[in-house]
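Subject: Structure for your review

Dear colleague,

Please find below the structure that I am handing over to you. My notes on what was found in it follow directly after.

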Amino acid sequence: MKRFYKVVTRAPCPGGFEIHLDGRPVKTPEGRILTVPEEGLADGILKEWAAQGAQIRQEDLPLTQILVTVQERIPAQRAALEKEVLAYLDTDLLCYRAGNPAAMGAR
């Protein structure tokens, strides 16, 4: 998609921050305003959008993609996702035992 904005800013909102492109908030594919709960994350997302060239490349917006997933997919599919993750609870795929670094191996 061609870049359509010039200025990227952040604005405080209830629940955190919004990222604005030329004064308009970034929206999710479902049309919701993307709300960023933490200032550091908002700064990272702002930098992602500001770094876009003439074309917007989704693969260069990883923080935005993760946050969109959290806000749109997780609430609707939470029970199914919890069941899927809990299936690994008794396996070593959830907790990998490592010898190095020593502090991690001790934990």
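In which loop does Asp-22 lie? Asp-22 belongs to the loop between β2 and β3. Please bear in mind throughout that this is a predicted model. The phi angle of Asp-22 is near 50°, a positive value in a residue other than glycine. As a general point, most residues other than glycine have a negative phi. Asp-22 counts as partly exposed, because its relative accessibility is 40% and the partly exposed class runs between 20% and 50%.

Strand β2 and Glu-18

Strand β2 covers residues 16-21 and includes Glu-18. Glu-18 is buried yet takes part in no salt bridge. The nearest side chain of opposite charge is that of Lys-27, at 9.7 Å. A salt bridge would require a side-chain nitrogen within 4 Å of a carboxyl oxygen, so Lys-27 does not qualify as a partner for Glu-18. The side chain of Glu-18 does make a polar contact with the side chain of His-20, at 2.8 Å. Leaving aside neighbours within four places in sequence, the residues in contact with Glu-18 are Thr-9, Arg-10, Ala-11, Cys-13, Pro-25, Ile-33 and Leu-34.

Salt bridges

How many salt bridges does the structure hold? The structure holds six. Among them is the pair of Glu-39 and Arg-10, whose closest N and O atoms are 2.8 Å apart. This pair links distant parts of the chain, with Glu-39 in helix α1 and Arg-10 in strand β1 (residues 8-13), 29 residues apart. Arg-10 also meets Asp-43 in a salt bridge, at 2.6 Å from N to O. Because Asp-43 lies in helix α1 and Arg-10 in strand β1, this pair ties together parts that are 33 residues apart in sequence. Arg-10, Glu-39 and Asp-43 are thus linked in a network of salt bridges. Each member of the network is partly exposed: the relative accessible area is 30% for Arg-10, while the relative accessibility is 41% for Glu-39 and 30% for Asp-43.

A further salt bridge joins the side chains of Asp-60 and Arg-57, at 2.7 Å from N to O. Asp-60 is partly exposed, with a relative accessible area of 35%, and Arg-57 is likewise partly exposed, at 42%.

Helix α2

Helix α2 spans residues 62-86 and has 25 residues. The C-alpha atoms at its ends are only 26 Å apart, short of the 36 Å that a straight helix would reach at 1.5 Å a residue. Where is the kink in α2 centred? The kink, of about 80°, is centred on Arg-78. Thr-64, Leu-67, Val-68 and Glu-72 are buried in α2, and the buried residues of this helix pack against β4 (35-36) and α1 (39-50).

Thr-28

Thr-28 is found in the loop between β3 (24-25) and β4. Is Thr-28 buried or exposed? Thr-28 is buried, because its relative accessible area of 6% is under 20%. Beyond its neighbours within four places in sequence, Thr-28 is in contact with Leu-34, Val-68, Gln-71 and Glu-72. Two of these contacts, Val-68 and Glu-72, are also buried residues of α2. The C-alpha atoms of Thr-28 and Glu-82, which are 54 residues apart along the chain, are separated by 23 Å.

With kind regards

Note on methods: Residues numbered from 1 in each chain as written. Predicted model: local features only at pLDDT ≥ 70, side-chain atom pairs only at ≥ 80, totals over all residues. Heavy atoms only, no water. Helix = DSSP H or I, 4+ residues; strand = E, 2+ residues; numbered from the N terminus. Buried < 20%, exposed > 50% of the residue type's maximum accessible area, 1.4 Å probe, protein only. Lys, Arg positive; Asp, Glu negative; His and termini not counted. Polar contact = N/O pair within 3.5 Å; in protein donor to acceptor, adjacent residues only side chain to side chain. Contact = heavy atoms within 4.5 Å. Expected span 1.5 Å × (residues − 1). Bend = angle between axes of the 7 residues up to and from the residue.
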